[in-house]
Amino acid sequence: MLIPEIAQRRDELLQRLASAADPTPVLVAVSKRQPEAKLQAALACGHRVFGENRVQEAQAHWLERRAAYPDLCLHLIGPLQTNKSDEAVALFDVIETVDRPKLARALGKSMAKLGRRPRLLIQVNTGEEPQKAGVAPDGLADLLALAVEECGLTISGLMCIPPAEEPAAPHFALLKRLAVKHGLADVSMGMSGDYELAARLGATHVRVGTGFFGPREV
Ligand SMILES: *Cc1c(COP(=O)(O)O)cnc(C)c1O
């Protein structure tokens, strides 16, 4: 039952993305708070790129599946505490939420220690919301310089989560502008409600949870 349902939603998402933008953005299926059976169904459909917002839950979902699916690509899309830096570097292929000097330094150390170099994106708080993670747009240049020069990191792109109550387009446009300005290839933006808009405005990665898997468990 689950496999055809997820296969159908996935095909439709991929088709819509392909009509919205060329090259087609990568569909990151956000698997947080989804049941095991749905993860397994997504894998059976051939999907391999997943997003998680908590390290511990991601380990529970994916650590053992790595062996069976060596081509998995796991994105961390939630805030990361420095004391989880080693675990994040060990598990994830892409960490989208670098947002402060302390975390950049911790990731540099973890990567040297573990000999693993996940792709790194900086999260930009485009709406400058006090409760939200991410560096403010006018702090991006300094954080980039610190990450590269002091921590020896390679930053591949930018990620944002626009304010829920505002139109997303200006935030997507701003994130794309910042990425172009700094010569960064990856632009992660757009979720279930606005992934097509994000694709049209230059996303290279969209993060779709409920639109891919259906409603989350509480
Ligand atoms: C949960 C989450 C998503 C997916 O949200 P949906 O509305 O279910 O598509 C995307 N990005 C981030 C950062 C998230 O935490």
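**Exercise 1.** Are Phe212 and Phe213 buried or exposed?

*Solution.* Start with the ground rules: this is a predicted model, where local features need pLDDT of at least 70, side-chain atom pairs count only at pLDDT 80 or more, and totals for chains, interfaces and linings use all residues. Residues are numbered from 1 along each chain as its sequence is written, and side-chain values use heavy atoms, leaving out hydrogens and water. Now check the two residues: Phe212 is buried, and Phe213 is too (buried is under 20% relative accessible area, exposed over 50%, partly exposed in between, with a 1.4 Å probe and protein chains only).

**Exercise 2.** Work out how many aromatic pairs there are, and why the pair Phe212 and Phe213 is tilted.

*Solution.* Take the rule: rings of Phe, Tyr and Trp (its six-membered ring) pair if their centres lie within 6.5 Å; planes under 30 degrees apart are stacked, over 60 edge-to-face, the rest tilted. That gives two aromatic pairs. For Phe212 and Phe213, the ring centres are 4.7 Å apart and the planes stand at 55 degrees, so this pair is tilted.

**Exercise 3.** Find the ligand's partners at Arg207, Gly209 and Thr210.

*Solution.* First, a ligand nitrogen is 2.9 Å from a side-chain N or O atom of Arg207. Next, a ligand oxygen lies 2.8 Å from a polar backbone atom of Gly209. Finally, a ligand oxygen is 2.8 Å from a polar backbone atom of Thr210.

Key: A polar contact is a pair of N or O atoms within 3.5 Å; within protein, one must be able to donate a hydrogen and the other to accept it, and residues adjacent in sequence count only if both atoms are side-chain atoms.
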